[in-house]
Amino acid sequence: MTVTPTLPAVSLPATRSLSGLFQLLVLAAFSLSATSAFAQAAPRPPTPIAPVAPVAGGGGGAAGGGAGGNAGAAAGLGNLANLGNLANLGNLANLGNLVNNLPPGVNLANLIGALAPGGTVTSAPVVIATAGVLTGETSQASVIIPSQLVGAAGGGGGGGGQGAATAAANTTYLWSITGGKLTTDPTRSTVSFAADTAGSVALSVAVTTSGTTQVASSTVTAISPASAGEITVNSTIATGTAGVTASVPPAQNADRTFRWTVSGNTAITAGQNSPAITLRVGAPGLLELTCSVTLQRLVTVNVRSFVVVSGSGAPAAVTIVNGNGSGTFPGGSVVDIFANSPPAGQVFDRWIGDTSAFGAAQVAPLLAHAIFTVPTTPVTLTATYKAAPAWAPVVTTNFNPQTQTGANNTTNTVSTTLVSYLPAGAQGVVIMLHDTGGTAGEWFNAPERALLVRDLVAAGYGVASLNSINRNTGAWSGQATLAANLDALNVTAALDKFIRDGGLTATKPVFFLGFSDGADTGARFANLLATTAPARPVKGVVLYCAAGTETLSVTSRVPQFFALAVNDDNLGPNGNAAARAHSQLMAGRGLATAVANSAASPVHPGRFRALGVTSATFTATDAQAIWTAVKTAGLLDVNNYLKAIPTADALKAALPAAYQARAADVAAQLSVAYAAQEFFSDTDARVINFLNGRVADLPAPAPGRMVNLSTRTKISSVGDTFALGFNISGPEKATLLIRGIGPALAGFGVPGAILAPRLEVNSGATVIASNEAWDKGTIPAAQIAAAAASVGAFALKPGDADTSVLLTLSPGSYTANLKGVNGATGDILAEVYDVSKNSTRLTNLSTIAKINEEGDLLVPGIVVQGANPRTLVIRAVGPGLTDFGIPASSLLGDPRITVLNATANPVATNNNWAQGGAAGQGATLTAAFPAIGAFPLKTANNDAALVTALNSGNYTLQAGAAPLPVPNPNAPAVAVPAVNLTGTVLVEVYEVP
């Protein structure tokens, strides 16, 4: 439906003499390509701190100082914080950038204390560590030498930085600790440590530079997470119950604060920031209550409790054969059932029996861990298995020797370990990438991963894994080109080996599958291999516990499947949300993608049978013994949900001696049940379905499409013209309804509407259609009215002077120009509708106007239709129009773009395209612009742009001047360049291919 009636009332005079200007813009912006592309932006970031003059390192070039600053920060701080912006700190009087880049809890006072009176920077080392740490958790500490960092900030064409880097290279470190343990190399500038018990941890580091040793130290408060207490709440609650209470221990002498969150449609009705809350319980299922307790303003403990919300129907028996989950439950309850781990030589096949309980989901009977709603009648389900051929992985050591260039151009030979198996006639191969610190062998030796590998081979896929070249940290290479990326070259070498050995043909599909950092690496490698000649037949990526990247979600053509854990504390809620957003961006481009969420589940004895997958001597009796030990240790609640992830020491102490060697595998199973960051096999069937679909080249669901653009503005002066540009892409002609609304606006309460508009549609400089009264043109009025009704456009009254044309156009770029008849002026609404809705689409829409009054907005509207989202790039260009010869003085100096949904709620916004959104937004848009045929934007310009996936619905775009920042009266005065708050702005919308 048209968004016209809901557009805000604005008064925006059109740009004068637009004909030559807009034709230039249309030809430049809309005729470059028939394709399109986009990415999502976030609110405007804080205004950057202005650089100040360096104290040390000498006066020199900004580039040199910046490079040195990064080098000094890297040498001094490791990965604790990104302090490359120290180049901008100079004499450290301005600590804005430093504060923004330090992690939460860092003791900044130690760093500030490094400044002697008068601002002189000392050469004494300073330890930077968090002020508080939880016992049993790992934290980091770094040592820096302020004088080295300030030297790096110097300049001298990089001389200051070079001096700092040299000093850092000649510096050695030796850490020691009391009250805890170091968990990484004590001879590096950054170390990881863990506190043993509550109290304090004393860190000390001896820093030796050029034969002189200095000692720095820091004390960190250690707090036990147990001091936060537990949540007290009923373990089972009937659906729809109101007045339910939950609580944690209250504060003592204001030593803690509270913040509650709940899952599902359960609502907190009272007590949000207090130790006790009141709830109104929603639908049946698992309710997760979390209270974030911040202790002593130092550390935060997330105390979590799981509540089973039962149904309200009559009790029904659920009987599970060859698995766990049997019981009697009220009808409507949601229950988890689990198949026993398959015996040797078999893999799980499917559930049989009363499978109608699974509903319409076709994949549900294929899931070894399934969830369903209990009916009012008894249910019996039996887990069945199928034979899988025996096989064993082949280990190739010293695989693919390559020459690696190191510091000072030294070279050495590096190789990797390849572990692989390809069944006869493999329908494809899955390349599996470990997490940072992992190994190739873990895919075959860790139970959950081994279950997946078994299922993949049984489904006809070859499997292969490699070690990363870097074995110090186990990290994968981040080189952006295939030729420079030794790890990616190892993948191509493995594929070539499989082809030479006859196990794989060159056209067989290649997939990447990884966990955490290995998953993100898989997405990068997949795109490298798919786009570098000779291109490999990469058909998909599976990402476990990883968000992927926005840039690849907008530019790569390789489909992605995301397997997420809902309580993943490493990725966090924001990371999980980013993964879902990236999947939406891909769906909005017409690519196959899916998201599977692993939620918390009860810990049953059969869960530990998975340990038998990698041990022939492990039995069901052993699994029961481990479960009994875990239960006895108090790690499980009444419903057998894990209360919290136990520390390694606590878990080992809970296990009988006979099973302590398997503590890591037990911990992994508990983490899977808790839905923490751990690899899980619950999605095996979904993953294989995804791979099978890519092998078969099944079409992805069609993305949504833009069907309407409407922009309201004002023609203020005689001779003014208002212009719209649009691009049609596809193999067929498209039928469009284009309207210029003046008199009909009075029906929506708009005063001062233009009395008689004229519409002309141009292809280049040629007028191909025109009209001055909608029901008096060459197209019969009844036909125009029918077309308007078919697209949801409001009806025009017979005899009104509103203008309209209905025409069929070939793919290409067009301009619609509107002006007043006989010099008429006033408000006008321009609309373009896609009537035919065939395989040809509106892929690019644009509008240009002049904002004459401060605070006014240019307000286009768009309509997206379809069952899936549509990924769009939306831009508001002001300064960027100077590239087309338009004087900067006539342009809006700092435009901002906001997207509002049909209820006027913002869904995306951006100001300054290169700075907006998550890390990498500028890179995403830079990569997207050529793909959509948009002219480039300069990083220094304040143009606005964002990429987002919009679901079906009506949207309003608001383009106007970004509000000026409110000065801080306590901050030093900073000169802010003057920008035009009025002027011409171009708004563009592109579909991303």
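The following exchange walks through a predicted model, with attention to its aromatic pairs and one of its sheets.

Visitor: How many helices and strands does the secondary structure of the chain come to?
Guide: In this predicted model the chain has 993 residues, and 51% of them are buried. The secondary structure of that chain comes to 18 helices and 46 strands.

Visitor: Among contacts between residues at least 6 apart in sequence, what percentage join residues at least 24 apart?
Guide: The count here takes in contacts in the chain whose two residues are at least 6 apart in sequence. Of these contacts, the share that joins residues at least 24 apart is 73%.

Visitor: Is the aromatic pair of Trp476 and Phe525 stacked or edge-to-face?
Guide: A search of the whole structure finds 18 aromatic pairs, and Trp476 with Phe525 is one of them, with 6.2 Å from centre to centre. Planes over 60 degrees apart count as edge-to-face. The planes of Trp476 and Phe525 stand at 85°, and the pair is edge-to-face.

Visitor: How many residues apart are Trp476 and Phe525, which link distant parts of the chain?
Guide: Trp476 lies in the loop between β26 (462-466) and α9 (486-500), whereas Phe525 belongs to helix α10 (residues 517-531). Trp476 counts as buried at 10% relative accessibility, and Phe525 counts as buried at 0%. In sequence, the two are 49 residues apart.

Visitor: Why is the pair of Trp913 and Phe929 described as tilted?
Guide: The ring centres of Trp913 and Phe929 are 5.5 Å apart. Planes under 30 degrees apart count as stacked and those over 60 as edge-to-face, with the rest counted as tilted. Because the planes of Trp913 and Phe929 meet at 50°, the pair is tilted.

Visitor: Which residue lies over the face of Phe929?
Guide: Phe929 is in helix α18, and Trp913 is in the loop between β43 (906-911) and α18 (921-932), so their pair ties together parts 16 residues apart in sequence. Both Trp913 and Phe929 are buried. At 4.7 Å from the ring centre of Phe929, the residue lying over its face is Arg875.

Visitor: Which strands are the edge strands of the open sheet β10-β13-β12?
Guide: This open sheet has 3 strands with antiparallel pairing, and the twist averages 45° from one strand to the next. Within the sheet, β12 and strand β13 (residues 276-280) pair over 3 bridges, with Ala267 opposite Arg280 in β13. The strands that pair on one side only, and are therefore the edge strands, are β10 (242-247) and β12 (267-270).

Technical notes:
Residues are numbered from 1 along each chain as its sequence is written. This is a predicted model: local features need pLDDT of at least 70, side-chain atom pairs count only at pLDDT 80 or more; totals for chains, interfaces and linings use all residues. Side-chain values use heavy atoms; hydrogens and water are left out. Helices (H or I, at least four residues) and strands (E, at least two) are DSSP runs, numbered from the N terminus. Buried means under 20% relative accessible area, exposed over 50%, partly exposed in between (1.4 Å probe, protein chains only). Contact means heavy atoms within 4.5 Å. Rings of Phe, Tyr and Trp (its six-membered ring) pair if their centres lie within 6.5 Å; planes under 30 degrees apart count as stacked, over 60 as edge-to-face and the rest as tilted. A charge sits over a ring if NZ of Lys or CZ of Arg is within 6 Å of the ring centre and within 35 degrees of the ring normal. Two strands pair if DSSP finds at least two bridges between them. Axes are lines fitted to C-alpha atoms, for helices over the stretch in contact, and angles run from 0 to 180 degrees between N-to-C directions.
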